[in-house]
Amino acid sequence: MYKVNTARRWREAASLIVTARSAKPNPQHDCSNYAVLMMQRGGTASFAKCHHVFPGGLLDKADAQQSWISNACRLLGTESDSQALSILKSSACSNEARAPPTFSRCRQETEDIGAFSLPSEVVFKLCSLRETFEESGILLARHVADTDFKDRVLDGKLSGQASFAQAFEISPSDREHWMTRVRGDASEFLTMCQALDCVPDVWSIHLWSTWLTPSNAPKRFDTPFFITMLQDTPELCVNAAEHQSATWLRPSDTTSAISNGDVLVGPPQAMELLRLASHPCADSLLQFSARRAHEHGYERWCPIRVKCSDCSVSLFPGDSQYGNYASGDVLDCTALELFARSRGVHALLQHSPKDYRFYSSIPERRGHIFPKSYGSCPTPAADAI
């Protein structure tokens, strides 16, 4: 049985899948009426050069500082840190028994980030919101004078409930000013929120999935993916220091976008875009994402990437071959021959950067809907899997 090499630990990060309802629906059948924000990394990036990714980045100790509790007090109109902390905690998944190990593990002061003063899930949510602002200029926050939102938070109406996120209005000059400051010092995100009288909207983003980078990768990350929905697409301001461009992609257009080379994505992004293509309706996705996170918790995926004679294969938990190989292994068989030896298949095939195909013969897990499949790889015979 293959055991994960723990000599090089995963670095903790967070990512946010930002979706927005489309103003002009695509007339094609079964198309998505919303789009997903994709940021294209620069050609000199140290990781995933020129790839299209969701906003996100490494966790910083500023994401866990206790001052965020005082920031929440301003929205709630209270001086009680305990009440504010309780309300912040209400934004997290209710099923703590199914929380990712990243959220539930005991943290020590001697670690790089130190012990958390906030619930772990809230810390990772703040990280994803900070990185989204730093990279795209989208600030998902609520003004402290938003009494309607405050009342909904205090009444518990946002705990596990679907609600649209809101892009906080900020002038172009102020936005660029704060993006530069936050990029230079993560603690400036809190300073900005205090200056703008706003609170990051941790209640309108929900845990979607958790990804571990394969064990043979030069850089390894433990990354919760959160998801949120806006009512329309906000104006973008791309941070040129990290990304060369940004685009809004309809999940239903994933097939053509990847096949035509319009976007270059890695397996996590391909899997999540194909999964979103199974949710064509924005309103149903909004309801599903809030309910699923609250009821089912997380699904943690660490792909085992092997090379077959005809393509690369990412094996996921649930595949009967998962654990039989190590990432980087070269197999003397085709992908379909590998499938023929499997009692259950849960895998992503990649023939080229423009050709992904997902296969699964196992039940859906953690309340999720499996991705839609496409690609040039022939469908395996029913008796093969």
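Guide: One term before we start: two strands pair if DSSP finds at least two bridges between them. Also, keep in mind that this is a predicted model.

Visitor: Got it. What's the strand order in the open sheet of four strands?

Guide: The order is β11-β12-β13-β14, and the pairing is antiparallel.

Visitor: Which strands are the edge strands there?

Guide: The edges are β11 (304-307) and β14, each of which pairs on one side only.

Visitor: And how are neighbouring strands of this sheet turned against each other, on average?

Guide: The average turn between neighbours is 20°, with direction ignored.

Visitor: Let's zoom in on β13. How many bridges join β12 to β13?

Guide: Four bridges link β12 (residues 312-315) with β13, and the two strands run antiparallel. For a residue to click on, try Val313: its bridge partner in β13 is Leu349.

Visitor: What about β13 and β14, how many bridges are there?

Guide: Six bridges join β13 to β14 (residues 355-360), again running antiparallel. Here Gln350 has Tyr356 of β14 as its bridge partner. The two strands form a hairpin, with two residues between them.

Visitor: Why is β13 described as largely enclosed?

Guide: Five of the seven residues in β13 (residues 346-352) are buried, so the rest of the structure largely encloses this strand. The cut-off for buried is under 20% relative accessible area.

Visitor: Over to β1 then. How many of its residues are buried?

Guide: Nine of the 11 residues of β1 (residues 11-21) are buried, so to speak a mostly covered strand.

Visitor: Which way does β1 run relative to β8, parallel or antiparallel?

Guide: Parallel, with eight bridges joining β1 to β8 (residues 221-230). Val18 is one place to look, standing opposite Thr228 in β8.

Visitor: And β1 with β4, parallel or antiparallel?

Guide: Antiparallel this time, with three bridges between β1 and β4 (residues 56-58). Ala14 has Gly57 of β4 as its bridge partner. Strand β2 (residues 34-41) also runs antiparallel to β1, joined by three bridges. For that pair, look at Ala20, whose bridge partner in β2 is Ala35.

Visitor: Changing topic: helices. Which residues of α1 are buried?

Guide: Trp68, Ile69, Asn71, Ala72, Cys73, Leu75 and Leu76. That's seven of the 10 residues in α1 (residues 67-76), a mostly covered helix.

Visitor: What covers the buried residues of α1?

Guide: The elements covering them include α2 (81-89), α4 (120-136), β5 (141-143), α5 (147-154), α7 (188-195) and β6 (198-200).

Visitor: At what angle do α1 and α2 pack?

Guide: The angle is about 90°, and their axes are 9 Å apart. Angles of 65 to 115 degrees count as roughly perpendicular, so α1 is roughly perpendicular to α2.

Visitor: Which residues make the contact?

Guide: From α1 there are Trp68, Ile69, Ala72, Cys73 and Leu76, and from α2 there are Asp81, Ala84, Leu85, Ile87 and Leu88. By type, the contact of α1 with α2 has nine nonpolar residues, no polar ones and one charged.

Visitor: And what follows α1?

Guide: Gly77 does, with a positive phi near 70°.

Visitor: Now the cysteines. How many disulfides are there?

Guide: Zero, going by sulfur atoms within 2.5 Å.

Visitor: Cys302, buried or exposed?

Guide: Cys302 has 10% relative accessibility and counts as buried. Cys281 has 33% and counts as partly exposed.

Visitor: Last one, His206. Where does it lie?

Guide: His206 is in strand β7 (residues 206-212). Its relative accessible area is 6%, so His206 is buried.

Visitor: Which residues is His206 in contact with, leaving aside its neighbours within four places in sequence?

Guide: Gln161, Phe225, Phe226, Ile227, Ser289, Ala290 and Ala293. As for Ala162, its C-alpha lies 9.2 Å from that of His206, and the two are 44 residues apart in sequence.

Conventions:
Residues numbered from 1 in each chain as written. Predicted model: local features only at pLDDT ≥ 70, side-chain atom pairs only at ≥ 80, totals over all residues. Heavy atoms only, no water. Buried < 20%, exposed > 50% of the residue type's maximum accessible area, 1.4 Å probe, protein only. Contact = heavy atoms within 4.5 Å. Axes fitted to C-alpha atoms, helices over the stretch in contact; angles between N-to-C directions. Parallel < 35°, antiparallel > 145°, perpendicular 65-115°, else oblique. Nonpolar A, V, L, I, M, F, W, Y, C, P; charged D, E, K, R; others polar.
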